[in-house]
Structure formats: C-alpha cells, structure tokens
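Here are a few notes to read alongside the structure. Have it open and find each piece as you go.

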Amino acid sequence: MPRYTPAEIEARWQQAWEKDEVFNAVRAADKPKYYVLEMFPYPSGRIHMGHVRNYTMGDVIARYKIATGHNVLHPMGWDAFGMPAENAAMAIGGHPKDWTYGNIDDMRGQMKPLGLSIDWSREFATCDPAYYGQQQALFLDFLDEGLVYRKNAVVNWDPVDMTVLANEQVEAGRGWRSGALVERRELTQWFFKISDHSEELLAALDTLDNWPAKVKLMQANWIGKSRGLQFAFSTIDAPEGHDRIEVYTTRPDTLMGASFVGISPDHPLAKMLERENEDVAAFCAECRKGGTTEEAIETAEKLGFDTGIRVRHPFDTAHELPVYIANFILMDYGTGAIFGCPAHDQRDFEFATKYELPIISTYLPSEDANEVLEEAYVPAKSDKVFYNRGFAGDAWQTGEEAINAAVDFCEQNGVGQGVTKYRLRDWGLSRQRYWGCPIPVVHCDACGVVPEKKENLPIELPYDVDFGTPGNPLDRHPTWRDCACPSCGAPAKRETDTMDTFVDSSWYFARFTAPRAETPTNMEDAKYWMNVDQYIGGIEHAILHLLYSRFFARAMQITGHLPESAIEPFDALFTQGMVTHEIYELWENTAAPPVVGDGPEAEEQLKSKAMRRLNYLHPEEVIEFPNPNKHSHTNVLAVLKSSADEEAIGSSDHKNLYELYVRERKFSGKNREVIIIPSAKMSKSKKNVVDPLHIISNYGADTARWFVLSDSPPERDVEWTASGADAAFKHLTRVWNICDRIGEMDKDAKGQGDDDLLRAMHKTIHDVTMGVESFGFNAAIAKLYAFTATLQKSKAGYAAQREAIMTLAQLMSPMTPHLAEDIWAHQGGTGLIVTAPWPKADEAMLVDDTVTLPIQVNGKRRAEIQVPADMPKEDVEKIALAHEAVVRSLDGAAPKKVIVVPGRIVNVVA
RNA sequence: GCGGGCGUGAUGGAAUGGUAGACAUACCAGACUUAAAAUCUGUUGGGGCGUAGCCCCGUGUGGGUUCGAGUCCCACCGCCCGCACCA
C-alpha cells in the first residue's frame with residue numbers, strides 16, 4: 001500500500017502550480033476581482049509560526065476565492081527598512097543592505113515550501129530604490145499639496161552617545177547602550193498633516209462595516225474628538241506678553257471647582273521663566289528627564305512648581321488661583337495649559353493633596369452628600385448629578401447637559417468659546433537614521449528648504465557608510481550630503497533624516513496593484529484591483545498602521561495617485577491572534593544547602609528554600625510526561641532530556657521519568673526542577689520559539705497549515721503543541737488512506753447508505769463554506785474531522801464514496817492544497833483542484849424530515865421528543881405536555897405558559 | 001495612568017438568547033501484536049442516589065434583564081494588546 005509522503009507530493013504540486021501560473025494575477029473583465037492581503041513581514045531572516053498562521057489564513061481565503069470564480073490578487077513583499085538592520089550592523093558588523101537582502105532570500109526560501117497562492121512576480125522590498133524612489137515622488141507631491149510641513153518636536157536624546165533614541169531603546173529612562181539618563185530634546189522635524197483629516201478619518205469609520213468594532217472604537221478614541229471651552233485667565237504679576245493664559249477644558253461645567261492653573265514645562269510662559277529663574281530651569285530640566293512616551297509621562301510621579309504667578313477666576317475676579325508648571329501636562333494637546341479641578345479628576349486630586357490646594361466640589365451624587373472627598377468624584381457623563389456650584393443649566397442635570405450649558409453661558413458672557421479639538425497629533429516622519437527612505441529635500445543657504453527635482457529620484461542611500469559610532473552615518477558621510485540646489489544651482493546640503501518606516505507600509509498595498517510602474521501607481525490598475533477586499537494582520541496594528549494607511553489613501557487621492565473610490569483602502573479587516581508555546585524554566589536551589597529525603601517534611605523544606613530560575617530551556621531539551629500522581633494539580637511534568645537515559649525516554653509507562661523527576665527535585669545536590677509555564681508569546685529570549693522549518697521537514701506544509709487553523713479561533717492566540725501537530729499529521733494520513741482505499745474499490749460496487757453519506761456530505765459543504773466565509777476555520781475543520789469519520793465508516797457504494805472523497809478534497813484544498821491535489825489526481829479529477837469550481841450544497845439534502853426537540857421545564861432540560869419538522873405548534877405542545885418527565889416535573893400543577901420555538905425547543909413554565 | 005480586548009472540563013476550544021462542553025489533545029480501558037510502535041474501538045465536567053435510570057451543582061466573582069443567559073446589562077478580579085521613534 002502506498003503511503004502519504006508530503007515531502008514528495010508537496011514539491012510536485014508546487015511545481016505544477018508554478019508551471020500553469022495559476023497564481024499570477026491578471027487584470028481582466030471576465031471575472032470579478034478579489035484582492036487579499038496579509039500584512040507584509042519584516043525580514044528578520046527566520047519565519048515563525050505566527051507568519052505561518054497569518055499567511056495560511058490569507059491563503060485559505062485566496063484559494064477559496066479562486067475556486068468561487070474570482071481573479072485573485074494575493075501578493076507578498078517585505079517591510080525591509082528599520083532599526084534591526086542597523087543594530088545588526090553595529091553588533092556583528094556587515095552592512096544593513098546585505099543583511100536585509102540576505103534575510104529576504106532566506107525567508108522567501110522558507111516561505112515557498114508552504115505552498116502559498118502568492119503571485120511572486122509582484123514581490124518587492126521597501127528598501128528597493130525602485131520602491132522608495134516612488135515614495136520620494138509621493139512625498140514631493142504631498143509637499144506640493146501642503147500635506148507635509150516642518151516644525152519642532154521632542155525626541156529621546158542620549159547625552160552620552162549624542163544620538164536620538166527610539167522609545168524601545170529607552171529602558172527605565174536610560175539609553176540601552178550608554179545607560180545614560182535620557183532627556184527630551186527639541187529638533188526640527190517633518191510632519192504629515194494628518195490632523196487636518198481628523199474629522200473625516202473619524203466620520204468614515206462608520207462606513208467600515210467589515211472592520212472589527214473594537215478596532216474602529218480604538219481608532220475613534222485615538223482621534224479623540226472632544227467639544228470643550230477655550231478661554232483665558234488674566235494673570236497677576238506675570239512677565240510681559242503673558243497677561244493671559246489660554247486654557248482648554250472639556251469640563252467647563254466644573255469651572256467653579258478650579259483650584260489651580262497648570263502649564264506644560266514646554267509652554268511659552270514656562271520657557272520664559274526658565275530663562276530668568278534658576279529654580280524654574282532646574283524644575284523644567286527635571287521634567288524633561290525620562291522618555292517621550294505618553295505612558296512614561298502619565299505614570300511618572302506628578303510634580304508641580306509654583307511659579308508665584310496668579311490668575312483671576314473669570315467669574316469672580318477677587319478669587320485668585322496659583323499657576324503651577326506641571327510635568328503631566330502635554331504641550332501637544334489643547335493649549336498646553338489647563339485649570340485643575342481636584343474634586344472631579346483623580347490626577348488633579350493627587351496633585352492638590354500633594355501641594356495642599358483646595359478641593360472644591362461642583363457637583364455631588366445627591367443634594368445632601370458630603371463635600372469632603374476621599375478621592376475624586378468622577379461619574380459617567382451621562383449620569384444625572386446635583387450641581388452645588390453650577391452656574392448654567394438646571395441644578396440636577398447630566399454632565400453632558402451641564403457642559404453644553406456651560407459653553408453657551410461662557411460664550412454669552414464673553415468668557416471664551418466652544419471649540420472642537422482632536423487628540424490626534426500630526427505624524428512626525430523624520431528619523432535620524434540611515435536605513436530608511438531618504439527625505440528628498442535640499443537645504444540651501446540662499447533658498448532655504450528646497451524639494452529635490454523628480455528627475456533626480458530616487459535619491460539613493462550611499463553604500464559606503466560606517467556604523468562604528470552611534471548616530472546617523474548619513475550625517476557623517478564625507479560627500480553624500482553635497483549637492484546642487486535644485487532651485488539656484490549653488491552648492492547645498494541634502495537632508496540627512498530618513499522616513500519613519502510606517503511611511504513605507506502606508507502605501508505598499510497600492511503599489512502591489514502595479515509594482516513595476518514608473519509612477520507610484522498606475523491609475524487603471526489601481527481602479528481595477530483596489531480596494532483590498534480582505535486585509536489580515538495583527539491587532540497590534542489596530543491604530544497606527546491602519547490609521548496612517550487610511551490617511552495615505554486620502555493624500556494619494558488628493559495628489560492623483562489613487563481613485564476616489566480607494567480612500568478607504570481596506571474593505572474588510574481581520575485581526576488574528578498570536579502563536580504561543582509553553583515555556584520551560586530550569587529552577588535550582590542555588591543558595592541553601594540541598595534538601596534531602598522524601599515525604600511532607602522534604603516538601604516543606606523545598607518550599608522554604610531559595611529556588612531560583614537558572615535559565616530557559618528549548619522544547620527539544622525537555623521531555624514531558626503525564627503526572628502519575630493524580631492528586632496533584634499539575635497534570636504534566638517535565639525533566640531534562642540530558643538527565644534521562646534511553647530506556648526511560650523510550651518506555652511508554654512514565655514510571656522511570658517520574659522517578660527521575662523526584663530524584664532530581666529532592667535528592668540531587670541541586671534540587672533541580674523543570675517548571676512549565678503554559679501558553680506564552682513566542683520569544684527568542686525565552687526559548688519557546690518553534691521553528692516552522694522543522695515542522696515542515698518532519699510532517700510537511702499541509703500538516704503545519706492544518707494545525708495552525710484547527711486548534712483555536714483565528715482571532716485568538718493559538719498554543720503550539722507537539723501532540724497537536726502530530727494529530728494533524730495523523731489525520732491527513734487517514735484521509736490519504738481513505739482515498740487509497742476508495743481507489744482500490746470495485747468500480748461497480750453497490751453498498752448501503754449512499755443517501756446518508758451524501759446527506760452528510762452536503763451538510764459538510766454547507767458548514768465548511770459558512771466557516772470559510774466567516775473566518776471560522778477551526779469550526780470548519782471540526783466539521784471536516786466529523787465528515788472524515790463518517791466517510792471512513794461508510795459502507796456506501798463506489799460512486800458515492802468517490803464523490804465524497806473528491807468533495808472532501810475540495811473542501812480541504814484551501815487548508816491542505818497539496819494533499820487535496822493528490823487526492824484529486826488519484827481519483828481522476830479533471831485539471832487541477834485549485835482551479836476546480838467550489839462545490840455547492842444541495843438545499844434539498846440539508847433538511848431533515850424529523851427533528852429532535854429538547855423540552856425544558858422552567859428552563860431546565862427534562863426530556864427530548866422526535867417530531868416531524870413541519871408539525872404545528874399546538875401538536876408539539878400537546879406531545880410535550882403529555883411527556884412522562886414533564887408530567888412528573890409539573891407534579892399535577894397546570895403549566896402557566898408553554899413556549900414552542902419551532903425546530904428549536906419547548907419550554908414549559910410551571 | 002489612559003484606551004481596547006479576553007476569561008467555558010486536565011488542555012486547545014464548540015455553541016443565530018434555546019439540550020453547555022461539538023471537534024481535537026491528554027489520560028484510562030479494550031482490540032490487534034511474542035512485545036512495542038502504528039492502527040482501530042470505547043470511556044472521561046464535578047458531586048450524589050434507590051445506578052438500564054434519576055437528582056443537584058457547573059462557562060473568572062457578585063448582582064440584574066428574560067419563559068430561558070456562556071451569549072445581553074452593571075460592578076469587581078485576573079490576564080493580554082496598544083499608547084504616536086519596535087515593526
């Protein structure tokens with residue numbers, strides 16, 4: 001009997017697909033188009049199970065769409081710029097370009113054996129000059145349209161390495177290489193005017209019907225539209241030019257609870273005081289320590305500095321408030337100044353407590369509530385509260401009503417204006433790094449900042465750079481900066497900043513529609529292929545990447561690079577989960593004398609000893625086995641493979657391993673134990689990374705693909721288990737063996753149960769189709785398991801069994817395409833299965849004549865009846881009430897009510 | 001700190017507001033075998049009783065809506081993701 005040999009059949013069918021060019025996307029009017037795209041990978045050099053899962057999901061969709069008669073575009077490329085390449089150059093030498101292209105070759109080589117339905121003829125990397133040159137052209141067009149501008153912004157500055165650090169290079173407020181305390185420093189940077197599109201980007205979220213609601217909500221919160229009041233406090237004893245402080249508040253209804261005014265350390269008034277007063281300067285310097293992330297700022301201890309300046313309350317000029325410089329106020333949001341209302345904001349409450357400022361309630365939960373607060377009183381804006389210090393609207397009103405009333409009141413009394421603001425800031429794209437797309441502008445002494453001419457594009461990165469010292473090598477390059485001013489021709493200097501890598505990934509989806517075009521896009525191709533019908537990627541991109549891409553699509557429409565119809569580039573979005581794996585930790589008693597002996601005393605002693613994690617272990621370094629001690633909470637134990645002898649490993653009863661485990665833990669000189677941490681994100685440092693190449697060489701790509709789809713719902717994390725992969729392989733072998741068996745059958749053989757088999761088949765067609773359409777891959781696979789079991793046991797005749805196995809192959813083909821092709825060929829199917837039309841479920845075969853109805857009494861299941869599917873409600877009710885179990889439950893009482901849901905359930909209310 | 005999500009047997013999970021635990025793993029038992037592997041079959045949420053059967057409890061915790069809640073609402077607990085220079 002021939003065997004299932006994935007290594008052989010997978011290579012064969014991949015060649016067949018390549019020969020027929022079945023995945024080459026062709027622009028043609030004969031069929032509807034379908035564009036499926038997975039977020040392209042960073043070329044780290046190794047694919048991991050997360051990639052396998054991500055691309056397999058996209059592949060299932062792509063293959064399903066091919067089978068249902070679409071021209072499918074399913075491209076692949078590389079998000080190839082970024083810091084890891086420069087870090088590698090610094091750490092191990094070599095050049096970022098060589099490192100990156102080497103990695104791309106490696107990863108492509110690792111991906112191809114997966115048998116993905118990718119049109120490789122469209123492949124590109126963002127570090128190809130042909131790609132980033134077009135990106136520079138886009139930048140120039142954006143500049144022309146006023147979508148790009150320059151302004152100052154803060155960066156993480158490492159004062160020892162004299163370089164700008166990324167947020168991830170700041171560890172606990174210190175530079176990762178130098179260990180120096182990081183400072184915030186201002187630089188002139190390029191910005192995209194994304195904030196001009198805040199309202200539009202927010203409003204258009206409503207049109208994205210096939211995006212997850214959580215992603216839309218996260219984007220809406222990120223854009224952060226708020227209506228509030230902007231007004232000015234007039235100052236007392238302030239330096240000249242600062243007789244007013246403009247503040248913005250979303251809670252003008254709490255104005256009577258104001259107890260201080262806070263300004264950002266970067267506020268113009270703070271900066272002026274800083275120049276004149278050493279104490280202020282010292283305080284502002286203190287505030288500028290630490291990273292630039294919102295998280296770092298929000299979680300830092302709240303600090304304030306009393307400037308001595310005071311302001312008058314707008315409603316009561318006799319009431320004066322102190323002005324503090326405070327480290328938690330951001331210059332980027334609002335006006336960089338706020339009034340603090342400690343009674344209704346927890347941050348302000350803590351600040352007021354620390355600096356002994358008054359805490360004044362403006363509203364209370366009830367008219368007689370205690371005004372002395374333990375913490376800030378912050379009810380939902382939609383709750384009705386009692387305004388004890390209201391000044392507009394009713395005494396009892398919701399926060400929302402009070403805010404509107406307060407804005408109206410203030411406007412009428414000339415105390416400010418209602419304004420709408422957005423939290424969304426402009427997108428800073430300048431990076432002081434080498435391995436990125438050069439910003440195509442020139443600095444000329446005479447002409448200032450001048451855009452490069454398009455005919456000079458691409459402005460290519462020089463190859464001869466050194467990474468011996470931190471910082472941007474472009475800055476140090478002896479000649480690259482030198483150029484002629486595009487405007488006046490005089491000697492000038494190139495911009496040495498490069499672009500944020502988010503720019504690269506904000507339009508690659510459009511480039512895939514015409515990857516070799518001499519312009520960023522080709523309008524005809526863009527019109528045909530856009531939008532992306534199904535986009536697939538991680539939830540970690542829910543905000544930035546997706547928001548930036550939405551902005552770019554608009555900007556590209558404005559500059560004539562995308563049609564109007566493509567301003568929302570992703571019709572449907574799916575966010576998949578991660579692949580996780582157990583972590584194995586080796587713990588040892590490193591400090592105390594070893595514990596010896598057995599029994600409870602030894603156990604107690606072990607608990608009290610200083611057991612420490614010594615290191616992490618690779619999955620190959622441990623042997624797992626079931627815990628024979630059934631009373632323990634731990635079901636699986638593990639020992640070091642190196643400690644176990646051959647016999648113990650080979651033996652099927654786990655006695656020897658358990659004895660070894662006990663011996664190592666209690667009797668060895670080290671009290672050594674392997675601890676299993678379930679389900680953690682795969683990470684190199686924790687050594688819980690499973691290499692897909694191993695899986696593919698051991699089991700084949702189809703097994704890897706089947707497993708990553710089968711075990712968890714796609715939006716959730718999947719736990720990689722060796723036994724799961726094993727089971728997937730066994731199942732595929734089983735299917736192959738069934739195919740072989742049917743192939744050996746007598747072609748004229750008649751059997752029993754043809755109709756049952758075909759009914760089960762049509763139900764499976766229906767269920768799997770629904771599953772694939774709705775990303776319910778794991779549920780679809782469960783149905784395929786069930787149908788395989790049915791087919792395996794079937795005694796049906798040859799014709800029915802052949803139809804069943806061929807349909808099974810078709811339904812499996814998006815997940816396990818190689819095995820499916822092989823079965824198809826084995827059974828004499830026409831052409832390739834990949835291009836065969838998707839099977840259709842026969843509606844008539846889906847309905848059963850009789851149904852099983854559960855009968856509940858008061859919501860608890862008590863019985864079950866079989867009735868014809870079309871039996872009238874009244875008759876069902878009669879049968880249900882007559883049922884022995886129901887009679888017993890009712891105990892003679894008359895039912896109050898009977899609910900009959902046809903085809904579903906009967907509930908008797910006693 | 002802020003924003004978003006998730007939580008179901010030993011494990012991964014299934015379940016348009018309608019029989020909780022499909023399917024798979026693991027374990028246990030059986031068949032085949034000299035034996036093992038492989039393969040196949042079967043059992044398995046917890047507790048109880050008068051054990052062909054029946055009853056009680058059970059979807060992180062506590063409340064609520066409903067004839068009926070894993071599913072909807074509120075509060076809490078735990079874990080995960082994002083926070084603008086990681087990609």
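The points below cover a pair of helices, a strand with its neighbours, and an annotated span.

1. Before anything else, keep in mind that this is a predicted model.

2. Start with two helices that pack together: α7, residues 213-223, and α17, residues 544-558. Their axes sit 10 Å apart and make an angle of about 75 degrees. Angles of 65 to 115 degrees count as roughly perpendicular, so that is the word for how α7 and α17 cross.

3. Which residues do the touching? On the α7 side, look for Val215, Gln219, Trp222 and Ile223. They meet Leu544, Leu546, Leu547 and Arg550 of α17. Sorted by class, this contact holds six nonpolar residues, one polar and one charged.

4. Now move to strand β10, residues 260-263. Are its faces covered or open? Both are covered: Phe260 and Gly262 are buried on one side, and Val261 and Ile263 are buried on the other.

5. Strand β10 also has partners. With β13 (residues 337-340) it runs antiparallel, and four bridges join the two. To find your place there, look at Val261, which stands opposite Phe339 of β13.

6. Strand β12 (residues 316-326) pairs with β10 as well, but here the strands run parallel, joined by three bridges. Ile263 of β10 has Ile325 of β12 as its bridge partner.

7. Last, a label from a record: an unreviewed UniProt entry annotates residues 36-171 as "domain: Methionyl/Leucyl tRNA synthetase". In the model, that span is 45% helix and 16% strand, and its end C-alpha atoms lie 38 Å apart.

Key: Residues numbered from 1 in each chain as written. Chains lettered and ligands numbered in written order. Predicted model: local features only at pLDDT ≥ 70, side-chain atom pairs only at ≥ 80, totals over all residues. Heavy atoms only, no water. Axes fitted to C-alpha atoms, helices over the stretch in contact; angles between N-to-C directions. Parallel < 35°, antiparallel > 145°, perpendicular 65-115°, else oblique. Contact = heavy atoms within 4.5 Å. Nonpolar A, V, L, I, M, F, W, Y, C, P; charged D, E, K, R; others polar. Buried < 20%, exposed > 50% of the residue type's maximum accessible area, 1.4 Å probe, protein only. Pairing = 2+ DSSP bridges. UniProt positions renumbered as here; feature names shortened; annotations may be inferred.
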